[in-house]
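Trainee: Before I rely on any label in this structure, I would like to understand how each one was earned. Could we go through them together?

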Amino acid sequence: IIRPYPQATAGTPGDLRYSPVTGEFSYSFTPDAAIEAPTSIVVPARAYPSGYAAEVVNGTITSEDRSGMVTVLADGSGDPVTVWLRRV
């Protein structure tokens, strides 16, 4: 199975959804202020052959655009962070 997945979560994992048909992926987690590392999501090139667009709420994407790994830092508010990926 080739699909995006969280490799490491800086907090408590929440909802995870992926549609292999559309390539839409979403992942939510509640950040842990004691963890200073980013959350890492693996993005296989075969799942997104033409690339992907990434968005985040209550956090910041710290990885390079369209890399094989999306890294996210929470914004410090303590609110749940949600990451979305979609095919371009």
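The conversation below takes up the pocket and then the strands around it.

Mentor: Please keep in mind throughout that this is a predicted model, and that the values we discuss are computed from it.

Trainee: What makes the residues of the largest pocket count as its lining, and how many are there?

Mentor: A lining residue must have an atom within 4 Å of a pocket point, and 16 residues line the largest pocket, those closest to its centre being Pro31, Asp32, Ala33, Ile35 and Ala74. The volume of this pocket is about 180 Å³.

Trainee: Which classes make up that lining, and which strand gives the most to it?

Mentor: The classes are 10 nonpolar, 4 polar and 2 charged residues. Strand β7 gives the most, with 3 residues, while β3 (25–31) and β7 (69–74) each supply at least two.

Trainee: Why is β3 called mostly covered?

Mentor: A residue is buried when its relative accessible area is under 20%, and 6 of the 7 residues of β3 fall in that class, so the strand is described as mostly covered.

Trainee: How do you know that β3 is paired with β2, and what sense does the pairing have?

Mentor: Pairing requires at least two bridges between the strands; β2 (residues 11–18) and β3 have 6 bridges, in the antiparallel sense, and therefore they count as a pair. Within this arrangement, Leu16 stands opposite Tyr27 of β3. The two strands form a hairpin with 6 residues between them, and Gly23 in the turn has a positive phi of about 80 degrees.

Trainee: What joins β3 to β8?

Mentor: Strand β8 (residues 81–87) runs antiparallel to β3 and is joined to it by 5 bridges, a count that meets the requirement of at least two, so these strands pair as well. Here Ser26 has Trp84 in β8 as its bridge partner.

Trainee: Turning to the sheet that contains β7, why are β1 and β6 said to stand at its edges?

Mentor: The sheet is open, with 4 strands in the order β1-β4-β7-β6 and antiparallel pairing. Because β1 (5–8) and β6 (59–61) each have a single partner strand, one side of each is left without a neighbour in the sheet. From one strand to the next, the twist averages 30 degrees.

Trainee: How do you know that β6 is really paired with β7?

Mentor: They are joined by 3 bridges and run antiparallel, which satisfies the minimum of two, so the pair is accepted. Gly59 has its bridge partner, Ala74, in β7, and Ala74 is also among the residues closest to the centre of the largest pocket.

Note on methods
Residues are numbered from 1 along each chain as its sequence is written. This is a predicted model: local features need pLDDT of at least 70, side-chain atom pairs count only at pLDDT 80 or more; totals for chains, interfaces and linings use all residues. Side-chain values use heavy atoms; hydrogens and water are left out. On a 1 Å grid over the protein atoms alone, a cavity is a set of points where a 1.4 Å probe fits but cannot get out, and a pocket is an open set with protein on both sides within 12 Å along at least five of seven lines; lining residues have an atom within 4 Å of a point. Grid points are joined across faces, edges and corners, and a volume is the space filled by probe spheres set on the points. Ala, Val, Leu, Ile, Met, Phe, Trp, Tyr, Cys and Pro count as nonpolar, Asp, Glu, Lys and Arg as charged, and the others, Gly among them, as polar. Buried means under 20% relative accessible area, exposed over 50%, partly exposed in between (1.4 Å probe, protein chains only). Axes are lines fitted to C-alpha atoms, for helices over the stretch in contact, and angles run from 0 to 180 degrees between N-to-C directions.
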